[in-house]
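Work through the exercises below with the model open beside you. Try each task before you read its solution.

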Amino acid sequence: MAPIDLPELQRLDAVHHLHPFNDNAALAKRGTRVLVRGEGCYVWDAEGNKLLDAFAGLWCVNIGYGRKELGQAAARQMEQLAYYNSFFQCTTEPTIRLAAELAGLAPGDLNHAFFVNSGSEANDTILRLVRHFWAVQDKPRKNIFIGRHNGYHGTTVAGASLGGMKGMHEQGGLPIPDIHHIDPPFWFADGGDLSEEEYGLVAARRLEQKILELGPDRVAAFIGEPVMGAIGVYIPPMSYWKEIERICRQYDVLLVADEVICGFGRTGQWFGSQHFGIQPDVMTIAKGITSGYIPLGAALFNDRVAGVLKDVGGELAHGATYSGHPVCAAVALENLRIMREERIVDTAREEVAPYLAQRWAELGEHRLVGQARIVGMMGALELVPDKGRREFFPERGKVGGLCRDTALRHGLILRATYDSMLLSPPLVLTREQVDELFEKAWKALGETAEAIGR
Ligand SMILES: *Cc1c(COP(=O)(O)O)cnc(C)c1O
């Protein structure tokens with residue numbers, strides 16, 4: 001490998017590259033970290049540091065880095081047919097095969113795929129097509145989406161509007177009309193004296209209240225992440241989603257699961273909906289579908305919704321140049337083949353996740369940790385000022401950022417949202433790597449506690 005001129009790269013980056021979700025002025029001063037290589041659960045940066053990536057890139061590198069088969073699948077498809085569209089009564093073989101493969105994998109009758117390039121675009125797609133679904137059935141007023149405060153559905157205009165991140169709404173005049181939000185299920189901060197299961201019902205019934213307030217004839221769909229990721233891995237009580245599903249059925253509101261993180265094994269099941277035992281009408285997926293090796297997203301529709309879109313919807317005035325891109329589809333097929341044949345989801349659920357949960361709970365005993373939550377291969381440590389109380393630091397985010405930087409110095413990548421340390425490793429993490437993760441995280445917690453005088 002040719003040597004890398006890091007100072008020069010950092011200079012060029014500071015001058016020419018605007019980073020997403022960054023304070024770009026601060027980053028330019030500090031100098032960006034340049035990653036150069038990945039293998040399994042590790043990545044290397046340009047300074048030669050080997051880092052255990054306990055965040056799988058950005059929740060996405062489910063099969064781990066460095067699987068040559070995916071590159072080979074891409075190369076084969078590029079050489080044979082690098083591109084063709086799915087617009088003009090055409091498509092390509094990998095695109096068709098992937099649509100069929102997803103129909104087989106997804107729960108219930110989510111048998112119909114619409115391809116895009118990202119999770120955000122998948123959520124844009126469902127906003128338009130679900131409204132269209134009701135409109136062509138003479139219910140154009142049934143167009144309101146209900147999401148959750150602090151939910152994350154991406155950064156396009158519809159995605160950010162469906163999401164409930166205030167800081168995102170403030171940039172660009174969002175949300176767009178006819179999108180409402182209810183409070184998310186987060187027992188740690190909001191559960192009071194209720195048991196988690198009781199609280200799950202209370203939190204779910206906020207949806208019913210909102211539907212009744214707006215009128216069931218106005219509400220098109222409810223959208224939620226099975227486990228809320230970006231805001232801090234909020235794992236709802238098991239009672240929550242069942243009750244949400246009941247409410248959606250009762251008022252004929254479509255249930256949309258944003259499985260962009262939870263899909264493809266993150267919770268220990270292929271889809272988060274299966275973990276919670278619910279059957280969505282519509283699902284959005286991205287990230288793990290290609291393990292992040294190439295961009296791809298999709299919206300999956302059940303027979304009812306797709307049937308209406310096909311039979312009375314007329315021409316679908318929606319799509320992207322790269323909808324169903326054959327190279328992306330070929331990579332996704334190869335990724336899914338590896339996941340199936342190597343039993344990656346089953347192995348994660350049966351062999352790694354229980355051990356990870358045990359060691360995560362041990363981290364939860366640290367004096368800085370108020371709650372250690374985990375489901376399958378995703379979790380969070382909630383850092384708190386007083387272990388005995390479910391309260392946040394007064395200045396939220398400072399301690400989390402410190403802990404993240406400290407972990408990085410020990411060769412461990414964790415993400416911090418406010419003071420939640422987020423975990424989402426490749427699904428191929430081994431038990432030995434769980435131990436390594438534990439040791440590095442424990443050190444980082446200790447040094448963080450010391451640094452803030454606790
Ligand atoms: C990442 C994410 C998205 C957006 O996906 P992009 O590919 O970044 O556009 C949407 N929903 C959830 C739950 C996500 O985590």
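The exercises that follow concern a predicted model.

**Exercise 1. The antiparallel sheet**

Task: Find the order of the four strands in the open sheet with antiparallel pairing, and state which strands stand at its edges.

Solution:
- Step 1. Read the order across the sheet: 11-12-15-14.
- Step 2. Look for strands with a single partner. These are strand 11 and strand 14 (415-417), so each has one side without a neighbour in the sheet.
- Step 3. Check the twist. On average, neighbouring strands are turned by 20° against each other, direction ignored.
- Step 4. Find what packs on this sheet. Helix 15 (residues 344-363) does, and touches strand 11, strand 12 and strand 15. The direction of helix 15 makes about 170° with that of strand 11.

**Exercise 2. Pairs inside that sheet**

Task: How many bridges join strand 11 to strand 12, and how many join strand 14 to strand 15?

Solution:
- Step 1. Take strand 11 (residues 369-375) and strand 12 (residues 378-383). They run antiparallel and are joined by six bridges.
- Step 2. Pick out one bridge: V375 has M378 of strand 12 as its partner.
- Step 3. Look at the turn. Two residues lie between the strands of this hairpin, and G376 takes a positive phi near 55°.
- Step 4. Move to strand 14 and strand 15 (residues 420-423). Three bridges hold this antiparallel pair. Here R415 stands opposite L422 in strand 15.

**Exercise 3. The mixed sheet**

Task: Trace the open sheet of four strands that has mixed pairing, and find a parallel pair in it.

Solution:
- Step 1. The strand order is 1-2-3-13.
- Step 2. Strand 1 (35-39) and strand 13 (412-413) are the edge strands, each pairing on one side only.
- Step 3. Strand 3 (residues 50-53) pairs with strand 13 in the parallel sense, over two bridges. One residue to locate is L52, whose bridge partner in strand 13 is L412.

Background for these sheets: strands pair through backbone hydrogen bonds, either parallel or antiparallel.

**Exercise 4. Two helices in contact**

Task: At what angle do the axes of helix 6 and helix 13 cross, and which residues meet?

Solution:
- Step 1. Locate helix 6 (residues 119-135) and helix 13 (residues 303-311). Their axes come within 9 Å and cross at roughly 70°.
- Step 2. Classify the angle. The range 65 to 115 degrees counts as roughly perpendicular, so helix 6 is roughly perpendicular to helix 13.
- Step 3. List the residues. From helix 6 come L129, H132, F133 and W134; from helix 13 come R304, V305, V308 and L309.
- Step 4. Sort the residues of this contact: six are nonpolar, one is polar and one is charged.

**Exercise 5. Around the ligand**

Task: Which residues surround the ligand?

Solution:
- Step 1. Residues around the ligand include S118, G119, S120, N123, Y152, H153 and K287. Also among them are G154, E225, D258, V260 and I261.
- Step 2. Look at the ligand's oxygen atoms. One is 2.5 Å from a side-chain N or O atom of S120. For K287, a ligand oxygen is 2.7 Å from a side-chain N or O atom.
- Step 3. Turn to nitrogen. A nitrogen atom of the ligand is 3.4 Å from a polar backbone atom of Y152.

**Exercise 6. Unusual backbone**

Task: Where in the chain do P175 and S291 lie?

Solution:
- Step 1. Recall the background. Most peptide bonds are trans, and most residues other than glycine have a negative phi.
- Step 2. Inspect the bond between L174 and P175. This peptide bond is cis, with omega about 0°. P175 lies in the loop between helix 8 (166-169) and strand 6 (179-182).
- Step 3. Inspect S291. This residue is not a glycine, yet has a positive phi of about 50°. S291 sits in the loop between strand 9 (282-285) and strand 10 (297-301).

Key
Residues are numbered from 1 along each chain as its sequence is written. This is a predicted model: local features need pLDDT of at least 70, side-chain atom pairs count only at pLDDT 80 or more; totals for chains, interfaces and linings use all residues. Side-chain values use heavy atoms; hydrogens and water are left out. Two strands pair if DSSP finds at least two bridges between them. Axes are lines fitted to C-alpha atoms, for helices over the stretch in contact, and angles run from 0 to 180 degrees between N-to-C directions. Angles under 35 degrees count as roughly parallel, over 145 as roughly antiparallel, 65 to 115 as roughly perpendicular and the rest as oblique. Contact means heavy atoms within 4.5 Å. Ala, Val, Leu, Ile, Met, Phe, Trp, Tyr, Cys and Pro count as nonpolar, Asp, Glu, Lys and Arg as charged, and the others, Gly among them, as polar. A residue is near a molecule or strand if one of its heavy atoms lies within 4 Å of it. A polar contact is a pair of N or O atoms within 3.5 Å; within protein, one must be able to donate a hydrogen and the other to accept it, and residues adjacent in sequence count only if both atoms are side-chain atoms.
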